[in-house]
Amino acid sequence: MELVEEVVIVGAGIAGLATSLGLHRLGIRSLVLESSAGLRVTGFALTTWTNAWRALDAVGVGHSLRQQHGFLDGVVASSSVVSKPGKQMSFKVKGTIGDHEVRCVRRKLLLEALEKELPDGTIRYSSKVVSIEDSGYLKLVHLADDTIIKTKVLIGGDGVNSVVARYIGFKKPAFSGRSAIRGYADFKVNHGFGSKFLLLLGKGVRSGFLPCDDTTIYWFFTYIPTDQDKELEGNPTEMKQFVLSKLGNVPDHARTCVEITELDSITSSPLRFRHPWEVLWGNISKGNVTVAGDALHPMTPDIGQGGCAALEDGVVLARCLAEALKKELNVEGKEREREEYKRVEMGLKKYAAERRWRSFELISTAYIVGAIQQSDGKIMNILRDAIVAKFLAGLLLKKADFDCGKLNIS
């Protein structure tokens with residue numbers, strides 16, 4: 001079977017759905033290909049910083065998500081090695097544009113909010129892309145079920161193992177040397193964490209507990225795995241016991257949070273990232289093909305900007321692409337195809353130029369912050385404690401003080 005589409009987006013994750021919705025708001029239809037049978041909710045939740053809320057407002061879903069998630073008013077950073085009061089840092093400060101806004105959003109609710117606003121039939125599930133082929137000014141997208149889709153524009157939002165990223169020349173993301181175990185705990189009653197993000201550091205591990213609302217907590221635990229630890233992946237019972245054994249000196253309610261987490265609400269994954277110089281010097285677009293989200297800038301989670309940057313990508317990409325596709329053409333036939341291709345190519349180059357430095361900066365900052373926070377030497381511990389005490393909240397807010405702009409096109 002052969003289909004013809006104007007815009008094909010691979011992956012119904014945050015970047016793919018945000019881009020599709022942005023295009024829809026600007027009057028352009030897209031087809032989103034998702035390999036799984038339904039929305040992917042791996043990861044449970046994500047910190048949505050000020051920059052993410054600006055992007056969510058741009059595509060029109062910010063209001064509904066605010067109703068479902070509580071405001072985080074600061075972070076409490078403590079050592080999990082020694083008992084001493086944590087350093088409290090407020091998120092209630094003004095940025096260059098306005099007040100900061102930080103919440104922990106359930107990934108499922110975010111994806112559902114984006115999907116709900118799309119026209120019926122936009123997402124084609126169980127559609128795994130196996131190869132991409134040139135066909136004149138079009139791209140042929142081959143699926144595992146032997147379907148072939150012709151498209152004028154191809155966008156990869158297909159994550160760290162992106163087929164589209166490989167097509168435009170990106171290498172496979174590198175292993176950071178760290179792994180993460182994540183969980184989602186439902187207390188059914190008030191969890192008692194208040195509205196603070198609890199961050200615990202020490203002995204080569206980093207853990208965090210973020211309230212999504214009054215009764216649910218998203219938690220993470222990052223560590224440097226040994227060969228023996230790598231066997232944990234896929235065994236949630238052992239993952240839970242491993243986290244409990246390594247948490248260290250943490251508040252009782254933090255330990256309880258892990259203890260009550262259901263086994264089907266625990267997952268593990270290696271932390272991968274793209275070398276920042278690949279983004280700085282490599283091809284973010286190639287002709288009528290580009291990438292967004294983790295397909296473009298996989299990063300470690302240490303500044304909480306992976307999903308936020310994916311939302312930014314969606315708004316910028318939709319705007320740049322719509323500007324190219326909506327311009328009037330006064331030619332026909334092959335000349336029209338050539339002119340359309342050139343305009344799309346220029347639109348994607350504009351998107352790449354807007355996102356190149358931002359992606360480089362976020363990947364680099366996340367990696368450095370993670371290396372310092374998760375250090376296990378005496379000198380690095382002193383440096384880490386000084387940074388946590390004075391600079392962490394400011395750094396997180398500085399990276400969130402960014403506006404991807406509206407969806408308006410000229």
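## A hairpin to start with

Let's begin at a turn: strands β12 and β13 form a hairpin with 2 residues between them. In that turn, K203 has a positive phi of about 55°. Please keep in mind that this is a predicted model.

The two arms of the hairpin are β12, residues 196–202, and β13, residues 205–211. They pair in the antiparallel sense over 5 bridges. To find one of these pairings, look for L198, whose bridge partner in β13 is F209.

## Strand β13 and its next neighbour

Follow the chain onward and a second hairpin appears, made by β13 and β14 with 4 residues between them. Strand β14 covers residues 216–223, and 6 bridges join β13 to β14 in an antiparallel arrangement. Here P211 has I217 in β14 as its bridge partner.

How many of the residues of β13 are buried? The strand is mostly covered, with 7 of its 7 residues buried. In a regular strand, side chains alternate between the two faces of the sheet. In β13, V205, S207, F209 and P211 point one way, while R206, G208 and L210 point the other way. Residues on both sides of β13 are buried.

## The sheet around it

Now step back to the wider sheet. Strands of a sheet pair through backbone hydrogen bonds, either parallel or antiparallel. In this open sheet, 7 strands follow the order β5-β4-β12-β13-β14-β11-β15, and the pairing is mixed. The edges are taken by β5 (87–90) and β15 (266–273), each with a single partner strand, so one side of each is left without a neighbour in the sheet. Ignoring direction, neighbouring strands of this sheet are turned by 20° against each other on average.

On the other side of β14 in the order comes β11. Strand β11 spans residues 174–186 and runs antiparallel to β14, with 8 bridges joining the two. One place to look is D186, which stands opposite T216 in β14.

## Two helices side by side

Next comes a pair of helices. Two packed helices are described by the angle between their axes and the distance between the axes. For helix α6 (residues 236–246) and helix α7 (residues 252–259), the axes come within 10 Å and cross at roughly 170°. That crossing makes α6 roughly antiparallel to α7.

Which residues meet in this pair? From α6 come K240, V243 and L244, and from α7 come R255, V258 and E259. The residues of this contact divide into 3 nonpolar, no polar and 3 charged.

## A buried serine

For a single residue to zoom in on, try S359, found in helix α10 (residues 333–373). Is S359 buried or exposed? Its relative accessible area is 1%, so S359 is buried, since buried means under 20%. Leaving aside residues up to four places away in sequence, S359 touches V279, L296 and H297.

## The chain as a whole

Finally, here is the overall picture. The secondary structure of the chain comes to 12 helices and 17 strands. Along its principal axes, the C-alpha trace spans about 75 × 45 × 40 Å. The chain has a radius of gyration of 22 Å, which agrees with the value near 22 Å for a compact globule with 410 residues.

Buried residues make up 55% of the 410 residues. Among contacts with a separation of 6 or more, 76% are between residues 24 or more positions apart.

Notes: Residues are numbered from 1 along each chain as its sequence is written. This is a predicted model: local features need pLDDT of at least 70, side-chain atom pairs count only at pLDDT 80 or more; totals for chains, interfaces and linings use all residues. Side-chain values use heavy atoms; hydrogens and water are left out. Buried means under 20% relative accessible area, exposed over 50%, partly exposed in between (1.4 Å probe, protein chains only). Contact means heavy atoms within 4.5 Å. Two strands pair if DSSP finds at least two bridges between them. Axes are lines fitted to C-alpha atoms, for helices over the stretch in contact, and angles run from 0 to 180 degrees between N-to-C directions. Angles under 35 degrees count as roughly parallel, over 145 as roughly antiparallel, 65 to 115 as roughly perpendicular and the rest as oblique. Ala, Val, Leu, Ile, Met, Phe, Trp, Tyr, Cys and Pro count as nonpolar, Asp, Glu, Lys and Arg as charged, and the others, Gly among them, as polar. The radius of gyration is taken over C-alpha atoms; the globule rule is 2.2 Å times the number of residues to the power 0.38.
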